[in-house]
Amino acid sequence: MVAGAAVQKLMTQLGKEQEVLMNLADMIIETYVSESLQLRVEKLVALKGEAACKEQLDIMRVYINDAADKIHKSGKRSNQYFCNR
């Protein structure tokens, strides 16, 4: 959603808007790491069972929760930037 709004609002100037690109990159990185973590933990649970992976599951849940908050904040910063332009 943020990427689409950035393209619509900034068009050819998007490459020069470092703040927007930084926020988009942060959102993509957090999404990628969260997905990778979830897939790794799912594989581990499949091998060892859920009971043996309680710690890893807790770590994953905390990380993904924090990542969702970071993604939300980056999206809000981008939206504020669009509104101020």
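**Helix contacts and confidence in a predicted model**

The mean pLDDT of the protein chain is 86, and 75% of its residues reach 70 or more; pLDDT is the predictor's confidence in each residue, from 0 to 100. This is a predicted model, in which local features need pLDDT of at least 70, side-chain atom pairs count only at pLDDT 80 or more, and totals for chains, interfaces and linings use all residues. Residues are numbered from 1 along each chain as its sequence is written, and side-chain values use heavy atoms, with hydrogens and water left out.

Q: Which element of the protein chain has the lowest mean pLDDT?
A: Helices here are DSSP runs (H or I, at least four residues), numbered from the N terminus, and strands are runs of E (at least two). Where pLDDT is low, the predicted coordinates should not be read in detail. Among the elements, α2 has the highest mean, 93. The lowest, 64, belongs to helix α1 (residues 2-10).

Q: How far apart are the end C-alpha atoms of helix α2?
A: Helix α2 covers residues 18-48, 31 in number. The expected span of a helix is 1.5 Å times one less than its number of residues. For α2 that gives 45 Å, and the model agrees, with its end C-alpha atoms separated by 44 Å.

Q: Which residue follows α2, and what is its phi?
A: A glycine follows the helix, Gly49. The phi of Gly49 is positive, near 95°.

Q: Is Leu24 buried or exposed?
A: Buried means under 20% relative accessible area, exposed over 50%, and partly exposed in between (1.4 Å probe, protein chains only). Leu24 lies in helix α2. Its relative accessible area is 15%, so Leu24 is buried.

Q: How far apart in space are Leu24 and Ser74?
A: In sequence, Leu24 and Ser74 are 50 residues apart. In space, C-alpha to C-alpha, the distance is 7.4 Å.

Q: Which side chain does the side chain of Ser78 contact?
A: Ser78 is found in helix α3 (residues 54-83). Ser78 counts as buried because its relative accessibility is 0%. A polar contact is a pair of N or O atoms within 3.5 Å; within protein, one must be able to donate a hydrogen and the other to accept it, and residues adjacent in sequence count only if both atoms are side-chain atoms. At 3.4 Å, the partner of Ser78 is the side chain of Asn23.

Q: How many salt bridges does a search of the whole structure find?
A: Side chains of opposite charge can pair when their charged atoms come close. A salt bridge is a side-chain nitrogen of Lys or Arg within 4 Å of a carboxyl oxygen of Asp or Glu. The search finds 3.

Q: Which residue meets Lys70 in a salt bridge?
A: The N to O distance is 3.8 Å between Lys70 and Glu30. The pair links distant parts of the chain, helix α3 and helix α2, 40 residues apart. Lys70 is partly exposed at 43%. The buried partner, at 14% relative accessibility, is Glu30.

Q: What separates the closest N and O atoms of Asp58 and Arg61?
A: Both residues lie in helix α3, 3 residues apart, about one turn of the helix. Asp58 is partly exposed at 43%, and Arg61 is partly exposed at 47%. Their salt bridge has a closest N and O distance of 3.5 Å.

Q: Which residue forms a salt bridge with Asp69?
A: Asp69 is partly exposed at 37%. The partner sits 4 residues away in helix α3, so about one helical turn separates the two. The closest N and O atoms are 3.3 Å apart. The partner, partly exposed at 45%, is Lys73.
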